[in-house]
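Colleague: Could you take a close look at one part of this protein for me, the second largest pocket, and then walk me through the strands around that stretch of the chain? I work at the bench, so plain words are welcome.

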Amino acid sequence: MLPGFGNKSIMVHNGHIEIHGKPVNKTWTMLDKPVCPGATEITVTDEVDWKVGDQILLSPTGRSRNEVEERFITKIEGRVITLDQPASFYHFAGNVYPHAQLTGDADSLSVNTVDGASLAVNDRTIDCANPDWTPLNASEQGDSITIRGEVALLTRNVLIRGDESAKVTGHGAHIMVRGKGKSFARFSYFEMFLAGQKFQLGRYPIHYHMMGEVDGMFIRGVSVHHTFNRGTTIHGTHNLLLEWNVYYRTMGHTIFLEDGIEKNNVIQYNLVVHVSPSSSMLMSDMDPAGLWQARPTNFIRNNHFVGSAGNGAW
């Protein structure tokens, strides 16, 4: 164990570190069509360069965040991906009409809110394969909102992970960089698994600690999943670019701007799925957020926060 860094760590003090995996054209995309329970194929909105054998997640779109699913790719052709196991839950993709009307009696409802997909109405689910719904014409439906479940790539060709004991102890791997004006760190397209350390201040999967101005530094396209203490912490650090990362099954505030002094960081196009409470840090981690900040001087745009036990962005 090194003072100030702990163990199971990659640490830099007054130095230079870069870790880069093979880039992918999309780290996450969205469903083009709804997915029914039992389906073994999904269609996404973008053509992706993912590979057979890669692990992906399907984000939850129902009432429970635990309807997230992990699958492996067995075949991919254009925008159609074949899964190794059938989907267990329904994943929505379509248009919702906030001003549409329900028709039918209490025992036999049809719904005018969804384009050919399933929706629970008064605890009755309308089957997505054979929907029992009566569409209205466009003028009666009014404005629509497009909602689609996310599909994200977890696999990268470079993997940094904790050992198997971390599943029991919550004591995983972590990366920490510090040294104001004297360190340089850039990370892209690697996977981090079983990361972060419970009950340990400063032991987060990826941690920029009191770095000051970090122009030109970034965390891009990284997959961070199954963590025990946050996802990425930006502490006393400014001008960092955080984009196209995937965070999944994290504990506590996931993208965390620690002190409220952080400014001009750009946080964009990140996906955070399934955030769980944590009793190891702040009281507010019991009501966790996908992104937590205390100062509105950063640029936060086009991120998706799905299935948090607390808040999306706080």
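**The second largest pocket and the open sheet**

Modeller: Happy to! The second largest pocket has a volume of about 170 Å³. Please keep in mind that this is a predicted model. Twelve names make up the lining, and they are easiest to take in chain order. Lys22, Pro23 and Val24 line the pocket, followed by Asp49, Trp50, Lys51 and Asp54. Further along the chain, Leu153, Thr155, Arg156 and Asn157 also belong to the lining, as does Tyr189. By character, the lining of this pocket divides into five nonpolar, five charged and two polar residues.

Now for the strands. One of the lining residues, Leu153, falls within strand 14, which covers residues 150-153. Strand 14 belongs to an open sheet of six strands, arranged in the order 3-14-5-6-7-4 with antiparallel pairing. At the edges of this sheet are strand 3 (28-30) and strand 4 (41-43), each of which pairs on one side only. From one strand to the next, the twist averages 35 degrees. As a general reminder, strands of a sheet pair through backbone hydrogen bonds, and they can do so in a parallel or an antiparallel way.

Strand 5 (residues 55-58) is a good place to look within the sheet. Strand 5 pairs with strand 14 in the antiparallel sense over three bridges, and Leu58 stands opposite Val151 of strand 14. Strand 5 also pairs with strand 6, again antiparallel, over four bridges; here the bridge partner of Gln55 is Phe72 in strand 6. Both faces of strand 5 are covered: Gln55 and Leu57 are buried on one side, and Ile56 and Leu58 are buried on the other.

Moving on across the sheet, strand 6 (residues 69-77) and strand 7 (residues 80-83) form an antiparallel pair over four bridges. If you would like a residue pair to find on your screen, try Ile76, whose bridge partner in strand 7 is Ile81.

To set this part in the whole protein, there are 31 strands and two helices. Of the 314 residues, 50% count as buried. The contacts also reach along the chain: among those between residues at least 6 apart in sequence, 67% join residues at least 24 apart.

Terms used
Residues are numbered from 1 along each chain as its sequence is written. This is a predicted model: local features need pLDDT of at least 70, side-chain atom pairs count only at pLDDT 80 or more; totals for chains, interfaces and linings use all residues. Side-chain values use heavy atoms; hydrogens and water are left out. On a 1 Å grid over the protein atoms alone, a cavity is a set of points where a 1.4 Å probe fits but cannot get out, and a pocket is an open set with protein on both sides within 12 Å along at least five of seven lines; lining residues have an atom within 4 Å of a point. Grid points are joined across faces, edges and corners, and a volume is the space filled by probe spheres set on the points. Ala, Val, Leu, Ile, Met, Phe, Trp, Tyr, Cys and Pro count as nonpolar, Asp, Glu, Lys and Arg as charged, and the others, Gly among them, as polar. Two strands pair if DSSP finds at least two bridges between them. Axes are lines fitted to C-alpha atoms, for helices over the stretch in contact, and angles run from 0 to 180 degrees between N-to-C directions. Buried means under 20% relative accessible area, exposed over 50%, partly exposed in between (1.4 Å probe, protein chains only). Contact means heavy atoms within 4.5 Å.
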